[in-house]
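Visitor: I've got a structure on my screen and a handful of labels I'd like to challenge. Could you walk me through the reasoning behind them?
Guide: Sure, let's bring it up and go through them.

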Amino acid sequence: MSGIWGNNIKVSIFGESHGKGIGIVIDGLVGGITLELDYIKRELQRRVPGKNRLSTSRKEKDTFHILSGYFNNKTTGTPLCAVIYNTDQRSKDYEKAKFMMRPGHADYTGYMKYFGANDYRGGGHFSGRITAPIVFAGAIAKQILEKKNIVIGSHIKSIGYIEEDGFDAVNIKEELLKKLTHKEFPVMDDEKECRMKELILKAKSELDSIGGIIETAVVNLPVGIGSPFFDSIESKLSHILFSIPAVKGIEFGEGFGMTKMKGSQANDEYFIKEDKIKTYTNHNGGILGGISNGMPIIFRTAFKPTPSIGKIQRSIDIEKKENIKMKIEGRHDPCIVPRAIPVVEAATAIGLLDLLIEKDGIGWMI
């Protein structure tokens, strides 16, 4: 299996949802970077479970412990390892269902790939809980990117059929992106926020779940980041974003909507103002030929409904080789989208940092 990602910054994640802990090793950070630990804590708190009725009732503080690669408030340049210990497991919920393949989960595929040796408790290594270490690494990457004034922010574009307007793809303000990162339920339309929350609670009351779309923007990314073909911004970010459990789709700029345009509508025409080259529109999401063009990077990430639901479902007992009906026990999010936002931003920060090092080296990070 591959738990390692990256070329210039390599991240390796480990752990299981109901194991002793989860964590990450980051290799490639230059020595001498001052880290703001409160910044990392704040990012982890954006993802932490058990905060409100919209999320799982599992309560984890997600306190991190840095084991290596950090000394006297600075990175040392050697692999930085951090661990988050699990403290609120309830593994007995999964014992009686260990051979029951939960629909929508990786139970069946994981069982077949690892010959039944996979940790089935709470999804084991397939669990969304493993995204907490990604947020840890992303918080470090974000701090480094801010040295170049690069800002990443997101909002909930839709929950089910409730949808708010997207970002202004041409004129996105840093202040808006930063403001959104401080909101527990980051939307721009208060009326839509109420309706989205009602829809999540309705799904929860019906013992069901619901999905949604996160829209993310990156501003102040310099022109010339990324490469054609295999290391394009789209392919690089898609690779790491699709590593997030429950992600089922990504589109950049107008995405699939461009198929309904003519070339004269889809092309982003140029202009020069105050010696800066910009485009009148941004249908391509700030990327051409896999390379940043200086306009905001815009993309949307689609999350499927949480597969753990309280309704009775048809499945199989893989040990007895028989059809069954089952009901999933345990504590689960009725909608993962609000807690997934810092994860998407973290993955974006890690991906862009990897690309920036490719172009500018590592000296600027200190």
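Visitor: Let's start with the cysteines. Why is Cys-335 called buried?
Guide: First, keep in mind that this is a predicted model. Cys-335 has a relative accessibility of 2%, and buried means under 20%, so Cys-335 earns the label.

Visitor: And what makes Cys-194 partly exposed?
Guide: The relative accessible area of Cys-194 is 47%. Buried stops under 20% and exposed begins over 50%, so Cys-194 falls in between and counts as partly exposed.

Visitor: Why is there no bond between the sulfur of Cys-335 and the sulfur of Cys-194?
Guide: A disulfide is a covalent bond between the sulfur atoms of two cysteines. To be called one here, the two sulfurs must lie within 2.5 Å. The closest cysteine sulfur to that of Cys-335 is in Cys-194, and it is 16 Å away, therefore too far for a bond.

Visitor: How many disulfides does that rule give in total?
Guide: The count comes to zero. Cys-194 is in no disulfide, as the nearest cysteine sulfur is the one of Cys-335.

Visitor: On to the arginines. Which residues does UniProt list under "binding site"?
Guide: The UniProt entry, an unreviewed one, lists Arg-47 and Arg-53. Bear in mind that such annotations may be inferred rather than shown by experiment.

Visitor: Why is Arg-47 called buried?
Guide: Its relative accessibility is 3%. The cut-off is under 20%, so Arg-47 counts as buried. Arg-47 sits in helix α1, which covers residues 37-47. Leaving out residues up to four places away in sequence, Arg-47 touches a list of others, among them Asp-62, Arg-129, Val-135, Arg-339 and Val-343.

Visitor: And Arg-53, why is that one called exposed?
Guide: Arg-53 has a relative accessible area of 59%. Exposed means over 50%, so the label fits Arg-53. You'll find Arg-53 in the loop between α1 and β4. Apart from neighbours within four places in sequence, Arg-53 is in contact with Leu-201 and Lys-204.

Visitor: Now the holes. How many cavities of 30 Å³ or more turn up in the whole structure?
Guide: Two. The largest cavity has a volume of about 100 Å³, and the second largest holds about 40 Å³.

Visitor: What makes them cavities rather than pockets?
Guide: In a cavity a 1.4 Å probe fits but cannot get out, while a pocket is open.

Visitor: What lines the largest cavity?
Guide: Its lining includes Arg-46, Lys-51, Glu-184, Phe-185 and Arg-339. By class there are four nonpolar, two polar and four charged residues.

Visitor: How does the lining of the second largest cavity divide by class?
Guide: Into nine nonpolar, no polar and no charged residues. Among them are Ile-9, Leu-29, Ala-137 and Leu-353. Helix α4 gives the most, three residues, and both α4 and α9 supply at least two.

Visitor: Last one: how much space lies in the second largest pocket?
Guide: About 480 Å³. Of its 17 lining residues, Asn-220, Lys-276, Lys-278, Gly-294 and Pro-296 are the closest to its centre. Strand β13 brings the largest share of that lining, four residues. By class, the pocket lining has eight nonpolar, four polar and five charged residues.

Notes:
Residues are numbered from 1 along each chain as its sequence is written. This is a predicted model: local features need pLDDT of at least 70, side-chain atom pairs count only at pLDDT 80 or more; totals for chains, interfaces and linings use all residues. Side-chain values use heavy atoms; hydrogens and water are left out. Buried means under 20% relative accessible area, exposed over 50%, partly exposed in between (1.4 Å probe, protein chains only). Contact means heavy atoms within 4.5 Å. On a 1 Å grid over the protein atoms alone, a cavity is a set of points where a 1.4 Å probe fits but cannot get out, and a pocket is an open set with protein on both sides within 12 Å along at least five of seven lines; lining residues have an atom within 4 Å of a point. Grid points are joined across faces, edges and corners, and a volume is the space filled by probe spheres set on the points. Ala, Val, Leu, Ile, Met, Phe, Trp, Tyr, Cys and Pro count as nonpolar, Asp, Glu, Lys and Arg as charged, and the others, Gly among them, as polar.
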